[in-house]
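User: I'd like to learn how to read the features of a structure, one at a time. Could you walk me through this one?

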Amino acid sequence: MLLPATGAEARWTQGLDTFGQQVGHTAMAACASQGGFDLPQDAPPPAFIRLFELPDLDFIARHGFSHSAEVPLPAAPAATGRSGSPDEVRRCQDEGAAAVGVLRGTYASLQAAWFKELGSLNDDPATVEALAALPDCLAGHDIEVSDEDGFFRHTDTRLQSVAPADLPRENRVLGSAYADCMRPVEAVREPIRERLRTAFLADHAAELDTLRETLVPSLRGAEEQHGVRLSFPAP
């Protein structure tokens, strides 16, 4: 969950990150319920956020880009009909942020260090060479772009402009093309990431030994305290 090296492993990371969102969301809602007011409905609900540093190609090939697995949430408190004052809302937002901080404080710095390490792949010669072949492969799918960022811009444009009835088909076509053309890139990057992780594990052995003892109990305790469940997107 903390140190993913493949797209499939990133599903575990998405679950962990989303669990933090659920904890914060639920703590805020409980605070407002106890205060007898409703929170503004301007915040998006918790969602699985895919990690494109570690593309989950099997998921993308099946679902495309606009689909995300649903996040299970506890039942919302009954509406009171009273809007909270700015101070009341801010207090509950602070309580939600504090609950997230308690959970993530045990692992956030180590996870951030790992993702910074993953950033080194951007300049890796083998990765650069593999990505250089991406435009030709996408052209074989009738997608003319110059690089991966160009593909994402193309995807955003297509999904925003296509007729609603055609959106599922277009989404699958784009997802299938991307997965097909990125598999050779991931075949290069995954072994490099795994070697980086082996070194990272050795360099941070003491911190990881502590987390092996404390992380799961911390997650289970948060589940019990806030009434949410750790869950993960399925491919």
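Analyst: Happy to. Let's begin with a term we will need for packing: two residues are in contact when heavy atoms of theirs lie within 4.5 Å. Please keep in mind that this is a predicted model.

User: Thanks. How many helices and strands does the protein chain have?

Analyst: The protein chain has nine helices and zero strands. Its C-alpha trace spans about 60 × 55 × 25 Å along the principal axes, and 40% of its 235 residues count as buried. Sequence separation is also worth a look: among contacts between residues at least 6 apart in sequence, 80% join residues at least 24 apart.

User: Let's take one helix. What span should helix 7 have, and how far apart are its end C-alpha atoms?

Analyst: Helix 7 covers residues 148-161, which is 14 residues. At 1.5 Å a residue these should span 20 Å, and the end C-alpha atoms are 20 Å apart, so the two values agree.

User: Which residues of helix 7 are buried?

Analyst: The general idea comes first. An α-helix has 3.6 residues a turn, so residues three or four places apart point the same way. In helix 7, the buried residues are Glu148, Gly150, Phe151, Thr155 and Leu159. Viewed down the axis of helix 7, they fall within an arc of 160°, so they line one face of the helix. Arg153, Thr157, Gln160 and Ser161 are exposed on the other side of helix 7.

User: What do the buried residues of helix 7 pack against?

Analyst: They pack against three elements: helix 5 (125-132), helix 6 (134-139) and helix 8 (167-203).

User: Which residue caps the N-terminal end of helix 7?

Analyst: That is Asp147, which has a side-chain oxygen 3.3 Å from the backbone nitrogen of Asp149.

User: Now the disulfides. How many are there?

Analyst: A pair of cysteine sulfur atoms within 2.5 Å counts as a disulfide, and the count comes to two. Cys31 and Cys92 form one of them, with sulfur atoms 2.0 Å apart. The torsion about their S-S bond is about -75°, so this disulfide is left-handed. Because Cys31 lies in helix 1 (residues 7-35) and Cys92 in helix 3 (residues 86-104), the pair ties together parts that are 61 residues apart in sequence.

User: Are Cys31 and Cys92 buried or exposed?

Analyst: Cys31 counts as buried at 3% relative accessibility, and Cys92 counts as buried at 0%.

User: How far apart are the sulfur atoms of Cys137 and Cys181?

Analyst: They are 2.1 Å apart, and the two residues form a disulfide. The link of Cys137 and Cys181 is left-handed, with -85° about the S-S bond. Cys137 lies in helix 6 and Cys181 in helix 8, so this pair ties together parts 44 residues apart in sequence. Cys137 is partly exposed, with a relative accessible area of 25%, whereas Cys181 is buried at 3%. Counting bonded cysteines along the chain, the pattern is 1-2, 3-4.

User: What about the nonpolar interior? Which residues have the most contacts inside the largest nonpolar core?

Analyst: Leu2, Phe19, Val23 and Leu219 have the most contacts inside this core of 26 residues. Helix 1, helix 3, helix 4, helix 8 and helix 9 (205-226) each supply at least two of its residues. Leaving out residues up to four places away in sequence, Leu219 touches Met1, Leu16, Phe19, Leu103 and Leu230. There is also a second, separate core of 17 residues, which includes Leu134, Ile143, Val145 and Phe151. Phe151 also appeared among the buried residues of helix 7.

User: And a polar residue in a loop? Is Asp56 buried or exposed?

Analyst: Asp56 is buried, with a relative accessible area of 5%. Asp56 lies in the loop between helix 1 and helix 2 (57-63). To read such a residue, look for its polar partners: the side chain of Asp56 makes a polar contact with the side chain of Arg11 at 2.5 Å. Neighbours within four places in sequence aside, Asp56 is in contact with Gly7, Ala8 and Arg11.

User: Where is Ser120 found?

Analyst: Ser120 is in the loop between helix 4 (108-118) and helix 5, and counts as partly exposed at 42% relative accessibility. Its side chain reaches the backbone oxygen of Glu117 at 2.7 Å. The C-alpha atoms of Ser120 and Arg193 are separated by 9.8 Å, while the two residues are 73 residues apart along the chain.

Definitions and conventions. Residues are numbered from 1 along each chain as its sequence is written. This is a predicted model: local features need pLDDT of at least 70, side-chain atom pairs count only at pLDDT 80 or more; totals for chains, interfaces and linings use all residues. Side-chain values use heavy atoms; hydrogens and water are left out. Helices (H or I, at least four residues) and strands (E, at least two) are DSSP runs, numbered from the N terminus. The expected span of a helix is 1.5 Å times one less than its number of residues. Buried means under 20% relative accessible area, exposed over 50%, partly exposed in between (1.4 Å probe, protein chains only). The arc is that of the directions from the helix axis to the C-beta atoms. A polar contact is a pair of N or O atoms within 3.5 Å; within protein, one must be able to donate a hydrogen and the other to accept it, and residues adjacent in sequence count only if both atoms are side-chain atoms. A nonpolar core is a set of buried Ala, Val, Leu, Ile, Met, Phe, Trp, Tyr and Cys residues joined through side-chain atoms within 4.5 Å.
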